[in-house]
Every structure is written in structure tokens, then in C-alpha cells.
Amino acid sequence: MIGRLRRTYRAMRLGTRLALGLGVLSLVVFGVVGTALTTYMRDYLSAQLDAQLAQGQIAQSKSIADYGTLTGKKYYSWFYAVYDVADGTPELRRPEDPADLPEDVDDFTALARAQSAAHTELLRTEHLRGKGEYRLRACEVEPGVVLVSAAPMDDIEDTVGQLIAIQAVTFGLALMTLVVAGRGMLRRGLKPLSDMAHTARGITSHDLTDSARLPVRHDKRSGGPEVEELRTAFNTMLEHIDDSLAVRAEAEQRLRRFVADASHELRTPLMSVRGYADLFQYAAANAPEERDKHLARLRAEAARMGFLLDDLLLLARLDAAEVETPLRLREADLVELVEQAADAFRVTHADHSLTVAPGPGSLKLALDPQRIRQVLDNLLTNAAMHTPAGTQVSVAVSMVNGAAQARIADAGPGIPPTDRARVFDRFYRVDKARSRDRGGSGLGLAVAQSLVRAHGGRIDLTSEPGATVFTVTIPLTGAAPPGHNPATQHV
């Protein structure tokens, strides 16, 4: 039975449970207040009756002492007993009227005996057989004479009973009103929570696999500060979920695109390797003079695929930098690295003019020389491959706000605004029609950006027709701390 009541209680709505709890608490309060009020009223009426008994006995004692009779000093429904006490034994006098005494006078006699022993007024409440509750008072009229008077307590009991009935009805109506009205008020007060639950159900019915945004928000402003605080926290949580879903969707999209592009990029050299291998096998059997040419092409495609795999492996290691960092940091001169990259550029790209702008004679900081040289070579090669022959290219090294900067600029046609945000994406090419033999794999800028970020720096791009500038910024404090994952910033 108790278990069933518990299950029923737990199945109730919060507003109903709070209303019932409020009702139980109110019932306890009403019970305490009613008991205190009833007790006070009973004590007050009893004190009034005791005072009335005392005042009545004063007049009665005087009448007995003066005239030996109670005539004219009696009260309706009271009882009176006069005792003569000798040697502590009370003897009842013959009553003036048989109605002055009840059928059983043992309680009167016992009280008279106790008064004669105590020599002071005594009060007792006794139940007289056939008459009900009476208040008895014994006092000494004169030496050897004791008067015992008894006043009925029916009026007190009636008054107290009426008071209890009035309290029961009043408190019952108040309790019912409190529960019903309180339940309504609580339901209105808890309505914002119900609205939030409805919003949460709307979220659960939304398909998160097709969209990275939740179209649901709780915009109703109602309730007190606590509800408003909960609403704000709820919407903040939804914003956080939105951001997380957006990041996840973007990462999944980039991953799918990366896998597709990597598969496509690797498929081409693999097919070339297979084709040249077949040609080499045919030439070995039928045209020996063609073997060396096919073998050279086979090696070139294998080397090209090796470069692509090296770049992919490097990016994977950079993405997992908190596990295994690919950097070997030591103190190196950035100015010297730029000059070496410029010399190599002039040899490999003689059709482009390269100038090194004046700057500091030396700029030493903690970095991986091989990887920073790779960054510079990638940026210079990118400038040469995507600009016409004869385009001016320049390199400058400087110190700006406590960081080392290397600026690689060219006077080519520039990068369209729609492509600037994606030039650092893996396998992305601005010129979609460019062949892979000239355009590369599309990993150069992605590798450069990941390497710079692994050093704790960044690459900024500004471009317009006639001026495209890549700015590499590396803080003098060195590489990013352990646990820094560049993949979390850009993939």
C-alpha cells in the first residue's frame, strides 16, 4: 500500500506535489495554532470559573458564619456541602435542600479532608456520577467548618467544543482554498519550466544528422529571477550545442572532402605508375631503347606520390601535435633562413625577379629551421606558380610588437575574394583548371599554415590585383606549448 502511494505521488506533476506539500505544511500549522488557541481558551474559561467560585464562596462563607444558612447565596446548578471537622474527620451537615448535594458525595468529603489537612483553599476537577464534569473548591468558613462548592463545567466544554468545530470548518475551508489556489498559482509559476520541457522535446524531435543548427529557442520571458536565470542558461546551452554541432558538421564535411581529394590525388600517380610499369614491361620485351624513358617517368611519378604522402604524414603529425610534435626547436637566425630561401628561389625560378628588402642584420629565435625553411619555400613557390613570368616577388623580415615577421609579396593578379578564405584548405586550388604538374597537390599552403601554428604563430593574407602578401608572424617566445593542436584551429 505504501509503495503504491509512493508511486502515485512520484507520478504526479511537480505543481500538484508542491501544492500537496504546502497543504500538509498548512495542516500542521493549523493544527498547532488550533491546539494552542483551544488550550488557551480552556485555561481562560477555567480561570474565570475558579474566580467565580472564589467570589461565590466568600459570600457563602459569610452567610454560613453569620446565619448558619446559604439561603439567597446559591447559584443555579451548583452543589454545596458544609462539613464539621473534628480531629481531621469531616462530618457532613444536613443540607438545607436535598438538591444541594449530588448522589455521590465522596469527592466532596475527600476534598474537605484534604483542605482541613492543608489549611488552605483547594481546587479540583472531578467527574460527578450522572452529572458530568464539575469544578470543586474547598475553603474554611471558620475553625472546624469547611465549605465545598462545585460549579458545572458544561458551559466551558460547550464553548470549547464550538470553538473546535469553528476551527475545523474554518481551517478545512482555508486548507482546501490554499491547496486549490496554490496549485493554480504553482502551475502558472511553473509554466516556464513546462515551456522549456516542450522546447527540449522539440529538440529531441529535430534531426541533427542533416543540420548543424537547432531552430529551437526558449524566448518566452516569464517567471521570477530564478526562471529567467534558468532560461538564460538553457539558451546558452543550446548555443553551445549549436556551436559544437556546427564544428562537428564542418569537421565532417572537411574530412569527407579531404578523403575524397586525397583519394583523387593519390589515384592519379598510382594510375600513372601502373601505366608506366606496363609500358616498361612492354619496352623490356619489345623496345629496349624505351626502357630508360619509361623507368624515369615511373620514378618521377613515384617521387611525386612520395612528396604527397610526406605532406599528408606531416599534416597528420601536426594535427596530433599533443602526442608527437614534429618540430626540433633550436636557436636559429630567421634572416639567414630567408636569404637561403631567396637564393634557392632565384635558382629554381629564374623567370621571376626576387628582391630581399633591407631589414635587421640578424633575428634569432627558437624555431625549427628545416620547417620554417619549408614554409618560406612553399610561400615563394606559390608566388611563382600562380603569377605570370617576370612578376616581381619580394621578401622582407622585421620585428613587430615583440614578434618576428616575414612578408612574401608578389605583384601578380591577386586572389579572388571568394577564394581567400579557403586558400589554406587542404587540396584546395584557386585555379581549378590548373594541371597537377604545374599546380602541385594543393597542400603547400595548408602545410605552411600548420607549421607556423605549431610554432605558436600565424599566417595572414592580404590580396588585391597587383599586390598579394603572405605575412608569417612567429612570437619570440617560441613554439606553442605542449597540447596545442593546430587542427582545432583550422583543418
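Helices (H or I, at least four residues) and strands (E, at least two) are DSSP runs, numbered from the N terminus. This is a predicted model, in which local features need pLDDT of at least 70 and side-chain atom pairs count only at pLDDT 80 or more, while totals for chains, interfaces and linings use all residues. Residues are numbered from 1 along each chain as its sequence is written, and side-chain values use heavy atoms, with hydrogens and water left out.

**Exercise 1. Place Q57: find its helix, its burial and its contacts.**

Step 1. Look for Q57 in helix α2.

Step 2. Check burial, where buried means under 20% relative accessible area, exposed over 50%, and partly exposed in between (1.4 Å probe, protein chains only). Q57 has a relative accessible area of 1%, so Q57 is buried.

Step 3. List the contacts (heavy atoms within 4.5 Å). Leaving aside residues up to four places away in sequence, Q57 touches R137, A138, C139, L147, V148 and S149.

**Exercise 2. Work out the strand order of the open sheet with antiparallel pairing, and say which strands stand at its edges.**

Step 1. Recall that two strands pair if DSSP finds at least two bridges between them. The 5 strands of this open sheet come in the order β2-β1-β5-β4-β3.

Step 2. At the edges stand β2 (89-92) and β3 (122-128); each has a single partner strand, so one side of each is left without a neighbour in the sheet.

Step 3. Now the twist, with axes as lines fitted to C-alpha atoms (for helices over the stretch in contact) and angles running from 0 to 180 degrees between N-to-C directions. From one strand to the next, the twist averages 30 degrees.

Step 4. Zoom in on one pairing: β1 (residues 79-86) and β2 are antiparallel over 4 bridges, and D84 stands opposite E91 in β2.

Step 5. Add the helix: α3 (residues 106-118) lies across β1, β2, β3, β4 (132-142) and β5 (145-152), at about 165 degrees to β3.

**Exercise 3. Describe the open sheet with mixed pairing in the same way.**

Step 1. Its 5 strands follow the order β7-β9-β10-β12-β11.

Step 2. The edge strands, each pairing on one side only, are β7 (353-356) and β11 (458-464). Here the twist averages 15 degrees from one strand to the next.

Step 3. Strand β10 (residues 403-410) pairs with β12 (residues 467-475) in the antiparallel sense over 8 bridges. The bridge partner of A403 in β12 is P475.

**Exercise 4. Find the largest nonpolar core and a residue with many contacts in it.**

Step 1. A nonpolar core is a set of buried Ala, Val, Leu, Ile, Met, Phe, Trp, Tyr and Cys residues joined through side-chain atoms within 4.5 Å. The largest has 44 residues, and L334, L376, L380 and V472 have the most contacts inside it.

Step 2. Elements that each supply at least two residues include α6 (291-319), α7 (334-348), α8 (369-385) and β9 (392-400).

Step 3. Follow L380: not counting residues up to four places away in sequence, L380 touches A341, A342, F345, L354, V393, V395 and I408.

Step 4. Helix α11 (residues 444-454) also supplies at least two residues of this core. In α11, 10 of the 11 residues are buried, so the helix is largely enclosed by the rest of the structure.

**Exercise 5. Trace the salt bridges of K74.**

Step 1. A salt bridge is a side-chain nitrogen of Lys or Arg within 4 Å of a carboxyl oxygen of Asp or Glu. The whole structure holds 9 salt bridges.

Step 2. K74 forms one with E96, with the closest N and O atoms 3.8 Å apart. K74 also meets D100 in a salt bridge (2.6 Å, N to O).

Step 3. K74 lies in the loop between α2 and β1 and D100 in the loop between β2 and α3, so this pair ties together parts 26 residues apart in sequence.

Step 4. Compare burial: K74 is partly exposed at 32%, E96 is partly exposed at 41%, and D100 is buried at 7%.

Step 5. Put the pieces together: K74, E96 and D100 are linked in a network of salt bridges.
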